Amino acid sequence: MALNPLGSNPLGGAGPGTAPGASPSAPAAQRRAFLASGTGLAALGVAAAAGAGYLLYRPGNDRQLVFGTLARAMQEVERLAGAAVQPLAPATAWNWSQTLEHCAQSIEFSLRGFPAPRSALFQNTLGAAAFNVFALRGRMSHDLAEPIPGAPALDASTPGASAALARLRQAVQDFSVHAGPLHPHFAYGALDKAQYEQAHAMHLANHLSAFDAGG
């Protein structure tokens with residue numbers, strides 16, 4: 001899931017899944033304090049400018065899907081997996097199996113740690129601002145052929161996607177039952193579980209938008 005400005009609870013409010021009147025999580029409070037400062041607002045502007053190309057770029061055939069939860073995203077995964085799924089060129093350069101594997105990697109790394117995270121300074125400034133812009137918009141935009149930094153290379157030669165699909169299903173299940181702390185996102189930094197679910201759902205939406213069921 002590459003960094004590009006767009007993501008959760010922009011300039012205030014409790015994160016997704018926070019009950020009215022409840023105290024915000026520590027990461028959410030830190031983001032609010034940062035963004036309320038002059039430095040935070042400046043960083044938000046820099047992040048938005050840096051991602052303007054992604055925000056304005058809409059490749060042909062991109063379906064612009066939006067999912068609020070992983071369960072909803074997986075419904076679309078299963079629909080496509082049960083059909084003659086087809087990539088919508090030029091929206092993606094990866095095949096279906098690579099895409100599922102990449103999305104599984106992202107969820108797995110949130111549970112065990114990303115291999116090559118950005119610096120804490122980056123995560124707490126541009127990364128935090130980017131996530132907030134993505135969440136405000138309700139979807140993310142990023143290079144659909146950009147691997148997660150430090151992740152094992154995706155296998156482009158796999159003829160079928162059954163193994164990748166099983167891996168993604170398992171990753172989603174592991175995330176749903178996970179009750180312990182989550183590792184910081186390599187770019188966005190510390191996220192609570194509700195924010196991480198939103199990040200993963202937006203990531204899947206962006207990739208699945210580049211595929212559809214064949215006629």
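Start by selecting the largest nonpolar core of this predicted model, which has 46 residues, and then highlight V77, W96, L100, L168 and Y188, the residues with the most contacts inside that core. Now colour the helices α4 (70-81), α5 (96-112), α6 (120-137), α7 (162-177) and α8 (193-208), since each of these helices supplies at least two residues of the core. In soluble globular proteins, nonpolar side chains tend to be buried together.

**The whole chain**

Before going further into the core, show the whole protein as a cartoon and follow the chain from the N terminus, where the elements run α-α-α-α-β-α-α-α-α-β, a total of 8 helices and 2 strands. If you switch to a surface view, you are looking at about 9300 Å² of exposed area, of which carbon and sulfur atoms supply 59%. Of the 215 residues in the protein, 49% count as buried. While the whole chain is on screen, keep in mind that, among contacts between residues at least 6 apart in sequence, 87% join residues at least 24 apart.

**L168, a residue of the core**

Select L168 next and display its neighbours. Leaving aside residues up to four places away in sequence, L168 touches M74, V77, L100, C103, A104, I107 and L204. With this residue still in view, the tour can move on to the helices and how they are arranged.

**Three helices: α4, α5 and α7**

Hide everything except α4 and α5, and look at how the two helices pass each other: their axes come within 13 Å and cross at roughly 160°. An angle over 145 degrees counts as roughly antiparallel, and therefore α4 is roughly antiparallel to α5. The crossing of these two helices, α4 and α5, is left-handed. To see where they meet, show the side chains of L70, V77, L80 and A81 in α4 together with those of W96, L100 and I107 in α5.

Now bring α7 back beside α5. How do the axes of α5 and α7 cross, and within what distance do they come? They come within 8 Å and cross at roughly 25°, and this angle makes α5 roughly parallel to α7. Here too the crossing is left-handed, as α5 passes α7. The contact involves a long list of residues, including S97, L100, C103, A104 and I107 of α5, and A164, L165, L168, A171 and V172 of α7.

To complete the set, hide α5 and keep α4 and α7, which pack at an angle of about 165° with their axes 12 Å apart. These two helices, α4 and α7, are therefore roughly antiparallel to each other, and their crossing is left-handed. Their contact is made by L70, M74, V77, E78 and A81 of α4 and by L165, L168, R169, V172 and F175 of α7.

**T99 and Q98, neighbours in α5**

Return to α5 and select T99, which is found in this helix. Is T99 buried or exposed? Its relative accessibility is 1%, so T99 counts as buried. Not counting residues up to four places away in sequence, T99 touches W94, H207 and F211. If you draw a line from the C-alpha of T99 to the C-alpha of L165, the two are 9.6 Å apart in space, although they are 66 residues apart in sequence.

Then move to Q98, which also lies in helix α5. Because its relative accessibility is 9%, Q98 counts as buried. With residues up to four places away in sequence again left out, Q98 touches L154, D155 and A156.

**Two stops in the loops**

For the next stop, select P90, whose place is in the loop between β1 (85-87) and α5. Zoom in on the peptide bond that joins A89 and P90, which is cis, with omega about 5°.

Finish at Q64, in the loop between α3 (52-56) and α4. What is phi of Q64 near? It is near 55°, a positive value in a residue other than glycine. Which class of exposure does Q64 have? At 23% relative accessibility, Q64 counts as partly exposed, because the buried class is kept for values under 20%.

Definitions and conventions
Residues are numbered from 1 along each chain as its sequence is written. This is a predicted model: local features need pLDDT of at least 70, side-chain atom pairs count only at pLDDT 80 or more; totals for chains, interfaces and linings use all residues. Side-chain values use heavy atoms; hydrogens and water are left out. Helices (H or I, at least four residues) and strands (E, at least two) are DSSP runs, numbered from the N terminus. Buried means under 20% relative accessible area, exposed over 50%, partly exposed in between (1.4 Å probe, protein chains only). Contact means heavy atoms within 4.5 Å. Accessible areas come from the Shrake-Rupley method with a 1.4 Å probe; for residues, only the protein chains shown count as cover. A nonpolar core is a set of buried Ala, Val, Leu, Ile, Met, Phe, Trp, Tyr and Cys residues joined through side-chain atoms within 4.5 Å. Axes are lines fitted to C-alpha atoms, for helices over the stretch in contact, and angles run from 0 to 180 degrees between N-to-C directions. Angles under 35 degrees count as roughly parallel, over 145 as roughly antiparallel, 65 to 115 as roughly perpendicular and the rest as oblique. A crossing is left-handed if the near helix is turned anticlockwise from the far one by less than a right angle, and right-handed if clockwise.
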